[in-house]
Amino acid sequence: MSLNLELHSKKLLLYPILQNIDEGILITDTSLNVIFFNEHAEKIYHTDAEDIIGKHADTLKPSLNLEAMIRDQQRLVRDKTFINGDEVAVIKGLLELAPDKFAAYAILHNTFSMEEIQLKSLLQSPYEGIAVFDENLRLLYANEVCFRFFKCNGKNELHNELSSLIPRTSLNNSIVKAKPVAGELVTARGRLLELVFLPIVRYNRTIGIIVKGIPSHRQERTWGQMVEQYNHGTAQYYFESIVGSSQALVKQKELAAKAARTISTVLITGESGTGKEIFAHAIHNMSPRRKGPFIKVNCAAVPETLLESELFGYAEGAFTGARKEGKPGKFELANHGTIFLDEIGDMSLSMQAKLLRVLQEKEVERVGSIHTTKINVRVIAATNQDLLKLVAENKFREDLFYRLNVIILNLPPLRVRTDDIVLVSTALLQRLNQELGTGVNQISSDVIECFCRYDWPGNIRELENTLERAINFCEGDSINLEHIPQHIKSYNSQGLPAVKAAGSLETLLEEHEREVIVNTLKNYGGNKTKTAQALNIHRSVLYRKINKYKIRTL
């Protein structure tokens with residue numbers, strides 16, 4: 001008891017220090033019952049100190065195995081484990097307070113938390129030059145864009161460039177006042193940049209500053225051109241095009257950014273409309289092949305009889321109507337770049353076998369040719385189907401699945417990203433206004449509430465179509481409830497369609513399906529091809545449903 005009291009008094013003296021450091025700290029008495037558990041430990045274990053104080057330390061999940069350390073006479077152990085999905089570095093130690101009387105402690109540190117993922121993504125942004133200085137203006141870090149922009153090979157060389165460039169008045173202002181400063185314009189190597197100073201404040205003291213260099217909007221060159229200049233990317237979209245801050249999306253963006261640094265095959269899965277193609281573009285534009293071609297093929301849109309020649313090309317006189325000089329296929333066109341195979345789950349087994357050979361041999365043979373051509377192509381594939389299920393049903397080749405299954409991204413549907421709906425809606429509204437030349441710049445709170453309640457089976461694509469339809473019907477500058485479809489408004493707080501009248505489930509589903517088709521046809525002015533694409537069904541299926549429901553079209 002005296003030993004425990006002594007340890008307890010020492011804990012009280014150390015409490016202010018241990019409570020305010022960046023690691024999680026756990027301390028036990030000689031019975032291995034927890035007597036101290038700081039706030040960082042609470043965050044790591046997702047539990048309150050009051051729920052663990054007084055209990056045996058090994059009741060925590062995952063267990064720290066302190067009793068095993070005593071049994072095996074291990075005085076100090078360094079380990080790594082996963083706690084609530086985060087990798088945590090753990091240092092565990094024993095304190096022998098008397099013969100065979102041990103207290104224990106553990107120091108926990110997140111090695112790869114979501115905050116660190118977001119910080120690394122920010123600092124490695126391929127669109128901005130970012131440098132970090134300490135309070136004495138010593139250069140601590142600069143991202144790749146800075147080194148490339150100033151053509152510097154070392155930190156000292158870059159520090160000299162930045163010291164002569166950055167206006168000390170604004171920089172010192174930001175440090176002294178601990179407030180961000182933006183709008184400082186400088187000319188560097190013939191280009192106009194806008195500088196942003198972001199002080200790093202800890203315990204009410206500025207300990208450093210982040211300096212971001214952004215291409216100025218006052219230049220004649222557009223932002224897109226500057227991005228192109230920095231990255232030389234040949235695809236259309238970048239990671240900044242992917243809007244959202246939910247943990248599920250940020251995790252996939254981080255994985256995609258890692259995948260971009262390699263040339264390994266990537267398989268992107270997810271429901272229709274979740275942004276698989278945008279991820280493919282972004283991966284290419286951040287990859288070592290960003291200067292090479294980016295070629296897209298929708299495997300479901302090309303008829304089976306033409307897909308082989310589309311992918312691999314054809315030789316002179318290969319078939320009736322063929323070009324005299326022949327034609328290269330998409331794989332040849334993508335040489336030293338990236339080919340994006342969308343909807344790969346719809347490819348026939350015979351085509352899968354031919355694709356597998358190309359991936360294994362890294363060569364293609366044009367239809368009707370007796371020669372092969374060596375290729376160096378990175379493959380990004382995407383599907384909204386469960387390929388493992390297709391493999392079990394003998395509808396997808398197992399060997400091809402494992403050839404594609406190198407790096408997998410699984411994009412979350414919009415219904416699990418409720419917090420992102422406002423951000424995504426705002427970004428889509430801005431883009432649609434630019435494309436349509438309209439000035440609808442607001443979405444009412446009632447509409448946002450409906451959007452957050454709705455299930456979005458068509459995901460971001462459905463949200464975009466809904467906003468485009470609303471813009472076309474809107475006569476003011478704000479989208480209100482009367483501008484959105486009834487089936488979205490009628491969803492109740494449980495995410496189920498509000499039922500206005502009794503009827504069988506089949507009847508209700510058919511009524512809902514008819515309403516969706518009618519509204520989509522109106523949205524596209526009766527264009528059946530665009531309607532089928534928006535609904536992600538074949539045109540023949542759309543025609544059958546139009547006849548079934550006796551829908552009058554324009």
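## A friendly tour of a predicted model

Let us begin at one side chain: Arg431 counts as partly exposed, at 31% relative accessibility. Partly exposed residues are those between the limits of 20% and 50%. Keep in mind from the start that this is a predicted model. Who is the partner of Arg431? The side chain of Arg431 meets that of Glu464 in a salt bridge, with 2.5 Å from N to O. This pair joins distant parts of the chain, since Glu464 sits in helix α18 (residues 459-473) and Arg431 in helix α16 (residues 421-436), 33 residues apart.

**Confidence in the model**

How far can we trust what we see? The mean pLDDT of the chain is 82, and 84% of the residues reach 70 or more. Two stretches call for care. Over residues 112-118 the pLDDT is below 50, and this stretch has 17 contacts in the model beyond near neighbours in sequence. Over residues 217-231 the pLDDT is also below 50, with 33 contacts in the model counted in the same way. Where pLDDT is low, the predicted coordinates should not be read in detail.

**Charged partners**

Side chains of opposite charge can pair when their charged atoms come close. How many salt bridges does a search of the whole structure find? The count is 18. Here are some of them, with their N to O distances.

| Salt bridge | Distance, N to O |
|---|---|
| Glu464 and Arg431 | 2.5 Å |
| Glu144 and Arg148 | 3.0 Å |
| Glu393 and Lys395 | 3.6 Å |

Take a look at Glu144 and Arg148, whose side chains meet in a salt bridge. These two residues are separated by about one helical turn because they stand four residues apart in helix α5. Glu144 is partly exposed, at 49% relative accessibility, and Arg148 is partly exposed as well, at 31%.

In the pair of Glu393 and Lys395, Glu393 is partly exposed, with a relative accessible area of 36%. Salt bridges can also join up: Arg357, Glu363 and Lys374 are linked in a network of them.

**Empty space inside**

Rolling a probe the size of a water molecule over the atoms shows where empty space is left. How many cavities of 30 Å³ or more does the structure hold? There are two. The largest cavity contains about 160 Å³ of space. Its lining is made of 16 residues, and the closest to its centre are Gly129, Cys146, Phe150, Leu162 and Gly213.

Several elements of the fold come together here. At least two lining residues each come from β6 (129-134), α5 (144-150), α6 (155-165), β9 (191-202) and β10 (205-215). Which element gives the most to the lining? That is α5, with four residues. This is the helix that we met through Glu144 and Arg148. By class, the lining has 13 nonpolar, two polar and one charged residues.

**A glycine in strand β10**

Strand β10, which helps to line the largest cavity, is also where Gly208 lies. Is Gly208 buried or exposed? Gly208 is buried, because its relative accessible area is 1% and buried means under 20%. In sequence, Gly208 and Asp134 are 74 residues apart, but in space their C-alpha atoms are 4.0 Å apart. Leaving out residues up to four places away in sequence, Gly208 touches Phe133, Asp134, Glu135, Pro199 and Ile200.

**Details of the backbone**

Let us finish with some local features of the chain. The peptide bond from Lys61 to Pro62 is cis, with omega near -5°. Pro62 is found in the loop between α2 (39-45) and α3 (66-71).

Which value does phi take at Gln73? Phi is near 55° there, a positive value in a residue other than glycine. Gln73 belongs to the loop between α3 and β3 (76-83), and Gln73 is partly exposed, with a relative accessible area of 49%.

Lys550 has a positive phi too, of about 55°, although it is not a glycine. Lys550 lies in the segment after α22 (539-548). Lys550 counts as exposed because its relative accessibility is 67%, and exposed means over 50%.

Notes
Residues are numbered from 1 along each chain as its sequence is written. This is a predicted model: local features need pLDDT of at least 70, side-chain atom pairs count only at pLDDT 80 or more; totals for chains, interfaces and linings use all residues. Side-chain values use heavy atoms; hydrogens and water are left out. On a 1 Å grid over the protein atoms alone, a cavity is a set of points where a 1.4 Å probe fits but cannot get out, and a pocket is an open set with protein on both sides within 12 Å along at least five of seven lines; lining residues have an atom within 4 Å of a point. Grid points are joined across faces, edges and corners, and a volume is the space filled by probe spheres set on the points. Ala, Val, Leu, Ile, Met, Phe, Trp, Tyr, Cys and Pro count as nonpolar, Asp, Glu, Lys and Arg as charged, and the others, Gly among them, as polar. pLDDT is the predictor's confidence in each residue, from 0 to 100. Contact means heavy atoms within 4.5 Å. A salt bridge is a side-chain nitrogen of Lys or Arg within 4 Å of a carboxyl oxygen of Asp or Glu. Buried means under 20% relative accessible area, exposed over 50%, partly exposed in between (1.4 Å probe, protein chains only).
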